[in-house]
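Welcome! Let us take a walk through this structure together, one helix pair at a time.

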Amino acid sequence: MAMLPVVLHWFFIEWYSGKKSSSALFQHITALFECSVAAIVTLLVSDPVGSLCIRSCKVVMLSDWYTMLYNPSPDYITTIHCTHEAVYPLYTIVFIYYAFCLVLMMLLRPLLVKKIACGLGKSDRFKSIYAALYFFPILTVLQAVGGGLLYYAFPYIILVLSLVTLAVYMSASEVESFKDLLLRKKRLVVLFSHWLLHAYGIISISKLDKLEEDLPLLALVPTPALFYLMTAKYTEPSRILSEGANGH
């Protein structure tokens with residue numbers, strides 16, 4: 001949940017930056033900076049205050065995330081709202097983090113975009129910021145409703161989504177060979193970002209309990225990109241995109 005704002009920021013910056021815009025890389029760095037600072041500040045204000053460590057309650061079962069559903073009703077009429085966060089602070093710390101992300105974005109990004117996004121029209125410059133104003137409430141609701149489910153399923157969700165988004169990006173960018181990949185630095189940034197997500201998903205699943213057995217799994221990180229580049233000549237993404245644009 002902490003990485004999702006970064007990934008979504010990068011996605012919408014890339015989506016709205018335009019092919020001729022040189023500001024995308026600076027916006028990517030700024031988005032990473034905003035979320036990193038927000039994460040550090042969130043840890044500092046959490047218990048114990050002023051430390052990057054957090055004091056957390058252990059998660060035992062899925063119902064620990066939804067204690068509000070277990071408020072007692074002694075007479076089956078009046079509900080006593082007395083339950084607390086059993087997984088403290090894993091549930092509420094995400095909301096605090098999103099609040100800091102939003103504040104930092106509104107303080108830093110508009111100034112940066114106004115200064116360096118010269119390759120875009122006035123109406124397009126701030127679209128990535130407007131997108132964030134939509135996805136932050138969506139992420140908040142997602143955490144509020146599905147926090148417990150995400151806690152157990154997030155490694156698999158990260159792997160699947162990172163694979164899908166990498167394939168979509170490379171096909172939309174008409175990357176069909178290693179030469180196409182090296183033509184623009186932006187493509188390498190996107191590729192390395194997805195590799196980090198792949199690695200994080202693999203580590204989350206294996207937990208590196210047996211380091212000597214699990215560490216070699218990280219060698220699989222470049223495999224999806226290599227498989228795509230090796231098979232792109234058979235699928236011809238550029239032809240599929242051109243036919244889709246023509247309505248065939």
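Please keep in mind that this is a predicted model. A good place to begin is where helix H4, residues 127-172, packs against helix H6, residues 185-206. Their axes lie 8 Å apart, and the angle between them is about 160°. Angles over 145 degrees count as roughly antiparallel, so H4 is roughly antiparallel to H6. The crossing in which H4 passes H6 is left-handed.

Which residues make this meeting of H4 and H6? On the H4 side you will find Phe154, Pro155, Tyr156, Ile158, Leu159, Ser162, Leu163, Thr165, Leu166 and Tyr169. Across from them, H6 brings residues including Lys186, Val190, Leu191, Leu197, Tyr200, Ile202 and Ile205. Sorted by class, the contact of H4 with H6 has 14 nonpolar, six polar and two charged residues.

Now stay with H6 and look at another of its partners, H1. The axes of H1 and H6 are 12 Å apart, and the two helices pack at an angle of about 160°. That angle makes H1 roughly antiparallel to H6, and H1 passes H6 in a left-handed crossing. From H1 come Met3, Val7, Trp10, Glu14 and Ser17, which meet Lys186, Val190, Ser193, Leu197 and Tyr200 of H6. This contact divides into six nonpolar, two polar and two charged residues.

H1 has a further neighbour to show you. Helix H1, residues 3-17, and helix H2, residues 24-45, have axes that come within 9 Å and cross at roughly 160°. Once again the angle tells us the relative direction: H1 is roughly antiparallel to H2. Here, H1 passes H2 in a right-handed crossing. Pro5, Val6, His9, Trp10, Ile13, Glu14 and Ser17 in H1 meet a group in H2 made up of Ala24, Gln27, His28, Ala31, Leu32, Glu34 and Cys35. By class, eight residues of this contact are nonpolar, four are polar and two are charged. Trp10, Glu14 and Ser17 of H1 take part in the contact with H2, and they also appear in the contact with H6.

Finally, let us step back to the whole chain. How many helices and strands does the chain have? There are nine helices and zero strands, giving the pattern α-α-α-α-α-α-α-α-α along the sequence. The chain has 248 residues, of which 33% count as buried. Among contacts with a separation of 6 or more, 68% link residues 24 or more positions apart. About 15,300 Å² of the chain is exposed, and 72% of that area comes from carbon and sulfur atoms.

Notes
Residues are numbered from 1 along each chain as its sequence is written. This is a predicted model: local features need pLDDT of at least 70, side-chain atom pairs count only at pLDDT 80 or more; totals for chains, interfaces and linings use all residues. Side-chain values use heavy atoms; hydrogens and water are left out. Axes are lines fitted to C-alpha atoms, for helices over the stretch in contact, and angles run from 0 to 180 degrees between N-to-C directions. Helices (H or I, at least four residues) and strands (E, at least two) are DSSP runs, numbered from the N terminus. Angles under 35 degrees count as roughly parallel, over 145 as roughly antiparallel, 65 to 115 as roughly perpendicular and the rest as oblique. A crossing is left-handed if the near helix is turned anticlockwise from the far one by less than a right angle, and right-handed if clockwise. Contact means heavy atoms within 4.5 Å. Ala, Val, Leu, Ile, Met, Phe, Trp, Tyr, Cys and Pro count as nonpolar, Asp, Glu, Lys and Arg as charged, and the others, Gly among them, as polar. Buried means under 20% relative accessible area, exposed over 50%, partly exposed in between (1.4 Å probe, protein chains only). Accessible areas come from the Shrake-Rupley method with a 1.4 Å probe; for residues, only the protein chains shown count as cover.
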